[in-house]
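Student: Could we go through this structure together? I would like to begin with the overall picture and then turn to individual residues.

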Amino acid sequence: RPPKQTCFLDLLQRTLNNIRPDFEQIILGDFNIDVKLSTTPICKSYKNILNASNLTQLIKEPTRVTPSSSTIIDHIICNNEEKISQSGVIPTGISDHFMTFCT
């Protein structure tokens, strides 16, 4: 479920603050923050945290599709996009979420 409280974002920000910015970072997972609908307050805060940490969210296609909605809630985030040759989404029937990848 989408985070209802900002404690997740506070924890994310504290964690990112403890990582040396010169270290290569790749963070991925089901964040349940729909970056497709970037007008929500939690999404705006999330994007601000990523920007402040020099991180880029690579996934641009929906990762969860239902008959009535499509969302980008599974993210791959990195601080050195030049080292990523490709990233994307693979539709599968294994789960209600599609598979994300990067190389």
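Tutor: What follows is a conversation about a predicted model, from its overall architecture to single residues.

Student: How many helices and strands does the protein have?

Tutor: There are two helices and seven strands in the protein. Along the sequence they are arranged as α-β-α-β-β-β-β-β-β.

Student: What radius of gyration does the protein have, and what would a compact globule have?

Tutor: The protein has a radius of gyration of 14 Å. That agrees with a compact globule, because a globule with 103 residues would have a value near 13 Å. Taken along the principal axes, the C-alpha atoms fill a box of roughly 40 × 35 × 20 Å.

Student: What share of the residues is buried?

Tutor: Buried residues account for 29% of the 103 residues. The protein exposes about 6700 Å², and 54% of that area is supplied by carbon and sulfur atoms.

Student: And what about contacts across the sequence: what percentage join residues at least 24 apart?

Tutor: Among contacts between residues at least 6 apart in sequence, 57% join residues at least 24 apart.

Student: Let us change to charges. How many salt bridges are there?

Tutor: The count comes to three salt bridges. One of them pairs the side chains of Arg-20 and Asp-22, with an N to O distance of 2.6 Å.

Student: Is Asp-22 buried or exposed?

Tutor: Asp-22 counts as exposed because its relative accessibility is 54%, and the cut-off for exposed is over 50%. Its partner Arg-20 is partly exposed, with a relative accessible area of 48%.

Student: Which residue forms a salt bridge with Glu-24?

Tutor: Glu-24 forms a salt bridge with Lys-83, and their closest N and O atoms are 3.3 Å apart. This pair links distant parts of the chain, the two residues being 59 residues apart. Glu-24 is in the loop between helix 1 (7–17) and strand 1 (26–30), while Lys-83 is in the loop between strand 5 (74–78) and strand 6. Lys-83 is exposed, at 52% relative accessible area.

Student: Which side chain meets Asp-96 in a salt bridge?

Tutor: The side chain of Arg-64 meets that of Asp-96, at 3.0 Å from N to O. Here too the pair links distant parts of the chain: Asp-96 is in the loop between strand 6 and strand 7, Arg-64 is in strand 3 (residues 64–66), and 32 residues separate them in sequence. Asp-96 is partly exposed at 41%, and Arg-64 is partly exposed at 27%.

Student: How far apart are the mean positions of the positive and negative charges?

Tutor: The mean positions of the 10 positive and 10 negative charges are 7 Å apart.

Student: Back to the loop after strand 6. Where does Pro-91 lie?

Tutor: Pro-91 lies in the loop between strand 6 (87–90) and strand 7 (99–102). Pro-91 is exposed, with a relative accessible area of 59%. Between Pro-91 and Val-65 the C-alpha distance is 9.4 Å, although they are 26 residues apart in sequence.

Student: Now the loop before strand 1. Is Gln-25 buried or exposed?

Tutor: Gln-25, found in the loop between helix 1 and strand 1, is buried, because its relative accessible area is 8% and buried means under 20%.

Student: Which residues does Gln-25 touch?

Tutor: Leaving aside residues up to four places away in sequence, Gln-25 touches Leu-16, Ile-19, Arg-20, Leu-55, Ile-77, Cys-78 and Asn-79. Arg-20 has already come up as the salt-bridge partner of Asp-22.

Student: Turning to the backbone, what is phi of Asn-32?

Tutor: Phi of Asn-32 is near 55°, which is a positive value in a residue other than glycine. Asn-32 sits in the loop between strand 1 and helix 2 (41–52). Asn-54 also has a positive phi, near 60°. Its place is the loop between helix 2 and strand 2 (56–57), and Asn-54 is exposed, with a relative accessible area of 63%.

Student: One last residue: where does Ser-45 lie?

Tutor: Ser-45 lies in helix 2. At 31% relative accessibility, Ser-45 counts as partly exposed. The C-alpha atoms of Ser-45 and Glu-81 are separated by 21 Å, and the two residues are 36 residues apart along the chain.

Key: Residues are numbered from 1 along each chain as its sequence is written. This is a predicted model: local features need pLDDT of at least 70, side-chain atom pairs count only at pLDDT 80 or more; totals for chains, interfaces and linings use all residues. Side-chain values use heavy atoms; hydrogens and water are left out. Helices (H or I, at least four residues) and strands (E, at least two) are DSSP runs, numbered from the N terminus. Buried means under 20% relative accessible area, exposed over 50%, partly exposed in between (1.4 Å probe, protein chains only). A salt bridge is a side-chain nitrogen of Lys or Arg within 4 Å of a carboxyl oxygen of Asp or Glu. The radius of gyration is taken over C-alpha atoms; the globule rule is 2.2 Å times the number of residues to the power 0.38. Contact means heavy atoms within 4.5 Å. Accessible areas come from the Shrake-Rupley method with a 1.4 Å probe; for residues, only the protein chains shown count as cover. Lys and Arg count as positive and Asp and Glu as negative; His and the chain ends are not counted. The place of a charge is taken as NZ of Lys, CZ of Arg, CG of Asp or CD of Glu.
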